[in-house]
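Me: Could you take a close look at one part of this structure with me? I would like to follow how its pieces fit together, step by step.

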Amino acid sequence: MIPHKIKNFTLTLVILFSAIVLLLVTSVAIYKSQSIHTAKEISLILENALANDMSNRMVNPMAQDMTMSENAAEQYFHKRMQTHLLHKNPIHVSSLDSLFQQYLREKQIIAETAIRYIYELDQIQDTLDSKPNSTLYTNAYALPPILLGTKNEIIIQGHAKIATRCILHRGKKLFIIFGTLISLLAALLMYAAYRQMKQHHVPSTGLYKIDRHLTLNIDTLELQYKHQSVTLTPQSAQILKLFLEAPDHYLEYEELETLQWGNNHEITRRREQAIARLRTSLEEISVMHLISVWGSGNKLVIGSKWEAKRMEKFSFPYFKRKTVSFIKRFFVR
């Protein structure tokens, strides 16, 4: 029994460890996905904040010029307006950063931000930072640069460090869904492993506990369920043991013949008699039934008689048999 317990415990640990690793990998993937999605949203918010800041600094004549045309002409005048504002009313990066933070709070996004203003034209470069000497310019996520002016001489570079709790809050639904699915999958695997280990392990000697009140004594060949008991023949006990060891308690005809009688031929009759003898013995036990899976093998059902009939009726071979019978009746003449 000890090796079986050790094997079962090891398998349980492997399933738990795999579930934890899968949960961690999924969490990291969701976290990165939410980070990228939030960063893209922040980039759009910065563009909106910049547009709002420019409209606030726009002089009236330029505002009227903006109504002159659409599409390409409008883009051209927009570029001219940006260059015009550069000289007449330049961007204040600190004010833009404050406006940027206000927009982020409206979207319930928690992030540290910094904005760098770069002007490059004719080998002249000027740089202004909203937060000088801040580590955000090297450690935070760099947003896509925004190019302004007729010659793209103005570069607005935003940097944002998104709070971890913000990402977790925005992706909490995904975390809950995938966490629940992985937990259920681990529970199902553990249950399946338990069932598999339980039905595969039958001691060669001693008392085998099949169910809570169902036991098989290998030494005395006695099968007992509560107050019901029956003494099996050595052959019936051995065949019952084979069914208990088989996956899902199912054995094909050829498999049973090989396990019980070896590779001998002409043993179909012996198998049928042995199965009939075991089935008769199991009639004394109300929770064990040996059903026939038509055309393929036999299955040991541990449960009520109604459950055994239901499993036999709705098995795939049953439908196969009915289908063949239907085809022969209506289509084969």
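Reply: Happy to. A good place to start is T215, whose bridge partner in β8 is Q224. That pair belongs to a longer match: strand β7 (residues 214-217) and strand β8 (residues 222-225) run antiparallel to one another and are joined over four bridges. Please keep in mind as we go that this is a predicted model.

Now widen the view a little. The two strands sit in an open sheet of four, in the order β6-β7-β8-β9, and the pairing is antiparallel. At the edges are β6 and β9 (228-231), each of which pairs on one side only. On average, and with direction ignored, neighbouring strands of this sheet are turned by 15° against each other. As a general reminder, the strands of a sheet pair through backbone hydrogen bonds, in a parallel or an antiparallel way.

One residue of the edge strand deserves a moment. Y208 lies in β6, which covers residues 207-209. Its relative accessible area is 7%, so Y208 counts as buried, the cut-off being under 20%. Y208 is also 15 residues from L223 in sequence, while their C-alpha atoms are 9.6 Å apart in space.

Further along the chain there is another sheet to look at. This one is open too, with three strands in the order β10-β12-β11 and antiparallel pairing. Its edges are β10 (250-252) and β11 (288-293); each has a single partner strand, so one side of each has no neighbour in the sheet. Here the average turn between neighbouring strands is 20°, direction ignored. Three bridges hold the antiparallel pairing of β10 with strand β12 (residues 297-302), and within β10 and β12 you can find L251 standing opposite N298.

Two helices pack on this sheet. Helix α8 (residues 234-245) touches β10, β11 and β12, and its direction makes about 80° with that of β12. Helix α10 (residues 268-282) touches β11 and β12, with an angle of about 145° between its direction and that of β11.

Let us stay with α8 briefly. Its 12 residues span 17 Å from the first C-alpha to the last, close to the 16 Å expected at 1.5 Å a residue. Among its buried residues are I239, L240, L242, F243 and L244, and K241 is on that list as well.

The other helix, α10, has a helical partner too. Its axis and that of helix α9 (residues 253-261) come within 11 Å and cross at roughly 90°, and α9 and α10 are therefore roughly perpendicular to each other. From α9, the residues in the contact are Y253, L256, E257 and W261, and they meet T268, R270, R271, A274 and I275 of α10. By type, the residues of this contact are five nonpolar, one polar and three charged.

Finally, here is the setting for the close-up. The chain as a whole has 12 helices and 12 strands, and 38% of its 333 residues count as buried. Of the contacts between residues at least 6 apart in sequence, 56% join residues at least 24 apart.

How values were computed. Residues numbered from 1 in each chain as written. Predicted model: local features only at pLDDT ≥ 70, side-chain atom pairs only at ≥ 80, totals over all residues. Heavy atoms only, no water. Pairing = 2+ DSSP bridges. Axes fitted to C-alpha atoms, helices over the stretch in contact; angles between N-to-C directions. Contact = heavy atoms within 4.5 Å. Expected span 1.5 Å × (residues − 1). Buried < 20%, exposed > 50% of the residue type's maximum accessible area, 1.4 Å probe, protein only. Parallel < 35°, antiparallel > 145°, perpendicular 65-115°, else oblique. Nonpolar A, V, L, I, M, F, W, Y, C, P; charged D, E, K, R; others polar.
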